[in-house]
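Me: I have a new model open and would like to learn how to read its features one by one. Could you walk me through it?

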Amino acid sequence: MTEFNDAFLTAWQLLAVSDARLSAIVWLSLRVSLVATLVACVVGMPIGALLAVGRFPGRRVLIVLFNGLMGLPPVVVGLLVYLLLSRAGPLGQFGLLFSPEAMIIAQAVLVTPIVAALTRQVIADEWSEYREQLRSLGASRSRAAATLLWDGRFSLSTAALAGFGRAIAEVGAVMIVGGNIDGVTRVMTTTIALETSKGDLPLALALGFILIAVVLAINAVAYALRGWAERHWG
């Protein structure tokens, strides 16, 4: 019990003094996850909007596919990205394996289906409400998709935050493609796993506190944005 209390006390001390190692791990985690989420939003939101308003062969199959990919196993994504970026892979010449860029790619692959599926649902609801109005204005389906994306930007922020939450909590894929190299690719989740296995609980606990705080903050921001949008835009 004393050892457990000492670990908690040391963890809080690390947080209080803004330990340099701790800060570096946190900032790398945030940078990787933010960039991956941005990439996922740039790719996933237009796809989701087109799936919502478009009518083309294979549309239903793509909807089912993206919904299914929301539960894509992270280790499988990590393995696929590893094979792509390894020396024998098609992208091996770029030397991205075991780098933050490789981790961004893996997280973006994981998050894009989530963003696309959630975006499709939001835009589909808006399309059913504004379809006739947009058609009367002569808007094409692609133009309607762009208009609805802008109109639903506050609701879509929830999709982006959900994607970021998924990215920041990821461990399996980033462990495989990043290698968990100290000072290079070691992020919060991989550090927690490593330090816990080593028995170094203070650093793992400190990072666990920060990770929980980040997840709670994401949910609070998403809730606040939705409430603000409902009050100001109906």
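Me: Let me start with one side chain. Is Arg21 buried, partly exposed or exposed?

Reply: Happy to help, and keep in mind that this is a predicted model. Relative accessibility settles the matter: under 20% is buried, over 50% is exposed, and partly exposed is in between. Arg21 has 34%, so the label is partly exposed.

Me: Which residue forms a salt bridge with Arg21?

Reply: For a salt bridge, look for a side-chain nitrogen of Lys or Arg within 4 Å of a carboxyl oxygen of Asp or Glu. Arg21 pairs with Glu195, and their closest N and O atoms are 3.2 Å apart. This pair links distant parts of the chain, since Arg21 belongs to helix H2 and Glu195 to helix H9, with their positions 174 residues apart. Glu195 is buried, because its relative accessibility is 0%.

Me: Which residues are linked with Glu195 in a network of salt bridges?

Reply: The network joins Arg21, Glu195 and Lys198. On the Lys198 side, the N to O distance to Glu195 is 3.5 Å. Those two residues are both in helix H9, three residues apart, which is about one turn of the helix. Lys198 is exposed, because its relative accessibility is 54%.

Me: How many salt bridges are there by this rule?

Reply: The count is four. One of them joins Glu170 and Arg166, with the closest N and O atoms 3.2 Å apart. Here Glu170 is buried at 3% relative accessibility, while Arg166 is partly exposed at 25%.

Me: Now the overall layout. How many helices and strands does the chain have?

Reply: There are ten helices and zero strands, so a list of elements from the N terminus on reads α-α-α-α-α-α-α-α-α-α. The C-alpha trace spans about 70 × 50 × 25 Å along its principal axes. Of the 234 residues in the chain, 44% are buried. Sequence separation is another useful reading: among contacts with a separation of 6 or more, 72% are between residues 24 or more positions apart.

Me: How do I check the length of a helix, and what does the check give for H4?

Reply: Compare an expected span with the distance between the end C-alpha atoms; the expected value is 1.5 Å times one less than the number of residues. The twelve residues of H4 should span 16 Å, and the end C-alpha atoms are 16 Å apart, which agrees.

Me: Which residues of H4 are buried?

Reply: They are Val77, Gly78, Val81 and Leu85. Viewed down the axis of H4, these buried residues fall within an arc of 100°, so they line one face of the helix. Among the elements that cover them are H5 and H8.

Me: Let me try the same reading elsewhere. Why do the buried residues of H6 line one face of the helix?

Reply: First, list them: in H6 (residues 141–151), Ala144, Ala145, Leu148 and Leu149 are buried. They line one face because, seen down the helix axis, they fall within an arc of 135°. On the face turned away from this buried side are the exposed residues Arg143 and Trp150. The packing partners of the buried residues are H2, helix H5 (100–136) and helix H7 (153–168).

Me: What about nonpolar side chains at the surface: which residues form a nonpolar patch?

Reply: The patch consists of Val35, Leu38, Val39, Val42 and Val43, which together have about 400 Å² of accessible area. Take Leu38 as one member: it is located in helix H2 (residues 20–53) and counts as exposed, with 55% relative accessibility. For the chain as a whole, the accessible surface is about 12,500 Å², with 67% of that belonging to carbon and sulfur atoms.

Me: One last backbone feature. What is the phi of Phe98?

Reply: A positive phi is worth flagging when the residue is not a glycine, and Phe98 is such a case at about 60°. Phe98 sits in the loop between helix H4 (74–85) and H5, and is partly exposed with a relative accessible area of 37%. Asn180 also has a positive phi, near 55°. Asn180 is found in the loop between helix H8 (172–178) and helix H9 (188–198), and counts as buried at 8% relative accessibility.

Conventions: Residues numbered from 1 in each chain as written. Predicted model: local features only at pLDDT ≥ 70, side-chain atom pairs only at ≥ 80, totals over all residues. Heavy atoms only, no water. Patch = residues over 30% accessible without salt bridge, like charges linked within 9 Å, V, L, I, M, F, W, Y side chains within 5 Å. Areas by Shrake-Rupley, 256 points an atom, 1.4 Å probe, with all protein chains shown as cover. Helix = DSSP H or I, 4+ residues; strand = E, 2+ residues; numbered from the N terminus. Buried < 20%, exposed > 50% of the residue type's maximum accessible area, 1.4 Å probe, protein only. Arc of directions from axis to C-beta. Contact = heavy atoms within 4.5 Å.
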